[in-house]
Amino acid sequence: MAKKVAGEVKLQLVSGQATPQPPVGPSLAPYMINLQEFIKTFNAQTQQQSGMVVTTIITCYSDRSFTFTVKSPPAAVLLKSAAKIVKGSGEPNRNKVANVTKDQIREIAQTKLPDLNTTDIEAAIRMVEGTARSMGLNVT
Amino acid sequence: MHWAQITVTTTLEASEAVANFLIEMDACGVEHKDISDTSTSLIAYYPLDDRVNTRLNKLRNFLAKLPSWGLQTHPTKIDLKRIESEEWTETWKTDIQPQRIGNNFLIVPTWHKISTDDTTVQIRIDPGMAFGTGYHPTTRLSLEMLEQTIKPNCQIADIGTGSGILAIAAVKLGAKHVDAIEIDETAIPVAENNFSTNSVEGCISLFQGDGIKSLTGKYDIIVGNILTKVVIPIIPYCPSRLKPDGHLIFSGILETELNDVKEVLIENGLECDEVTRQVEDDIMWIALRAKLAKP
């Protein structure tokens, strides 16, 4: 297929629960792709992880066809799973909600590395560790 | 309903923390738009109501604390924009109109009610998760060349069928049978659905496979709307799959690649007998037709 890419859209969405409402509608509207088909297929493909936020990259082509891939969940989701919490702290400096270990941080950084614009594991660890602290997690 | 679009431009390092915060403030999702190797924009939407200012204040406080958690945030800015709600599932259809291609084809989205004369060959197809909607020059060039080349009751192979548009066109122009090959598994159900919508499924065999190597028959026409890097490796397999008076039709070739393709055709006992061109966005696309060279 002689595809020419018109643009790529990167979205964090709740798996199995995409709707035409923002951010999906206004983000994809400029590419004039078949929105219903994206929503239907995305929800079907991610229904097993229903409720978990995932990252998806939608590639839109100049003939208005499209494809999409589902990447690893965002670092914050992996941290919540590692710390066994549903939500971060509303006051991260004062109320610590759980602990994560340095080893868990490194493991999450390794998982995220292919999706980040870096091959530098130390930079990825810094990002994940900072995200953990912003959620009220103690890094031990 | 109106929406408050909040855009936070920040460093890539802080982006995961900020995206999570936007979602925990009840956004249904976040769009990431990378600006450079180190900075990105995060876009989230909230109902435009009296909670917007509270959310903005919370966000400003959160961003101010990011450095204390070891995240570099400079430069960071917040933009707020009002967005009108739209029927987003319908607006994408607004400028998709039936389009005439070649002498006979009319490509029509399924939601359009249209009546045409008997000579028009209607193909019902919606843009979706497979290439080949009729909105790209390479598809138009392939359809035109197929129309000029096809003869009733011929056997056709469609390599990289995508949406199946060329296979459908071939059957509607009188082909007896089409073997349609597609490597991309997501395109297979799209093609199947399009074959059914156009009532041609009985004349087409659809395979998931890797190009012409998957085929064993002999064909009057082998057509492929595929890129040059895919065309070149399959050319050596084509002479043994073509009937003596058969034709190859390849589209998806750039003007700058034409001579390379012609050289490979000659090396494999084939000769180019027609070339057509269409420009889009300053890119010159080529379709070519070839046949077995006379000894």
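Trainee: What makes up the contact between chain B and chain A, counted in residues?

Mentor: In this predicted model, the contact draws 58 residues from chain B and 50 residues from chain A. The area buried between chain B and chain A comes to about 4,700 Å², and carbon and sulfur atoms give 58% of that area.

Trainee: Which salt bridge joins A:K112 to chain B, and why is it called one?

Mentor: The side chains of A:K112 and B:E16 meet with a distance of 4.0 Å from N to O. The rule asks for a side-chain nitrogen of Lys or Arg within 4 Å of a carboxyl oxygen of Asp or Glu, so a Lys and a Glu at the stated 4.0 Å are called a salt bridge. Across the interface of chain B and chain A the rule finds three salt bridges, and it also finds 13 residue pairs in polar contact there, both residues being at pLDDT 80 or more.

Trainee: Which elements of chain B supply two or more residues to the side that touches chain A?

Mentor: They are α1 (12-24), β2 (29-34), α2 (52-65), α3 (88-91) and β14 (283-292) of chain B. Of these, α1(B) gives the most, with nine residues. Sorted by class, the side of chain B that touches chain A has 25 nonpolar, 19 polar and 14 charged residues.

Trainee: How do you know that strand β1 of chain A and β2(B) are paired?

Mentor: Strand β1 (residues 5-14) of chain A and β2(B) are joined in the antiparallel sense over four bridges. Pairing requires at least two bridges, so the four found here satisfy the rule. Within this arrangement, A:K10 stands opposite B:H32 in β2(B).

Trainee: Why is A:T131 called buried?

Mentor: The relative accessible area of A:T131 is 0%, and because buried means under 20%, the term applies to this residue. A:T131 is placed in helix α5 (residues 121-134) of chain A. Leaving aside its neighbours within four places in sequence, A:T131 is in contact with A:A76 and A:L79 of chain A, and with B:E16, B:A17 and B:L71 of chain B.

Trainee: What makes A:E91 partly exposed, and A:R94 exposed?

Mentor: A:E91 has a relative accessible area of 35%, which lies between the limits of 20% and 50%, and A:E91 is therefore partly exposed. A:R94 has 67%, which is over 50%, so A:R94 is exposed. The side chains of A:E91 and A:R94 meet in a salt bridge at 2.5 Å, N to O.

Trainee: How do you know that A:E122 and A:R106 form a salt bridge?

Mentor: The closest N and O atoms of A:E122 and A:R106 are 3.4 Å apart, and because the limit is 4 Å, this Glu and Arg meet the rule. The pair links distant parts of the chain, with A:E122 in helix α5 and A:R106 in helix α4 (residues 102-112) of chain A, 16 residues apart. A:E122 is partly exposed at 42%, and A:R106 is partly exposed at 37%.

Trainee: Why does B:R289 count as buried, and B:D273 as partly exposed?

Mentor: B:R289 has 13% relative accessibility, which is under 20%, so B:R289 counts as buried. B:D273 has 31%, which falls between 20% and 50%, and B:D273 therefore counts as partly exposed. The side chains of B:R289 and B:D273 meet in a salt bridge of 3.1 Å, N to O.

Key: Residues are numbered from 1 along each chain as its sequence is written. Chains are lettered from A and ligands numbered from 1 in the order in which they are written. This is a predicted model: local features need pLDDT of at least 70, side-chain atom pairs count only at pLDDT 80 or more; totals for chains, interfaces and linings use all residues. Side-chain values use heavy atoms; hydrogens and water are left out. Buried means under 20% relative accessible area, exposed over 50%, partly exposed in between (1.4 Å probe, protein chains only). Contact means heavy atoms within 4.5 Å. Buried area is the accessible area (1.4 Å probe) that two parts lose on being put together, summed over both. A polar contact is a pair of N or O atoms within 3.5 Å; within protein, one must be able to donate a hydrogen and the other to accept it, and residues adjacent in sequence count only if both atoms are side-chain atoms. Ala, Val, Leu, Ile, Met, Phe, Trp, Tyr, Cys and Pro count as nonpolar, Asp, Glu, Lys and Arg as charged, and the others, Gly among them, as polar.
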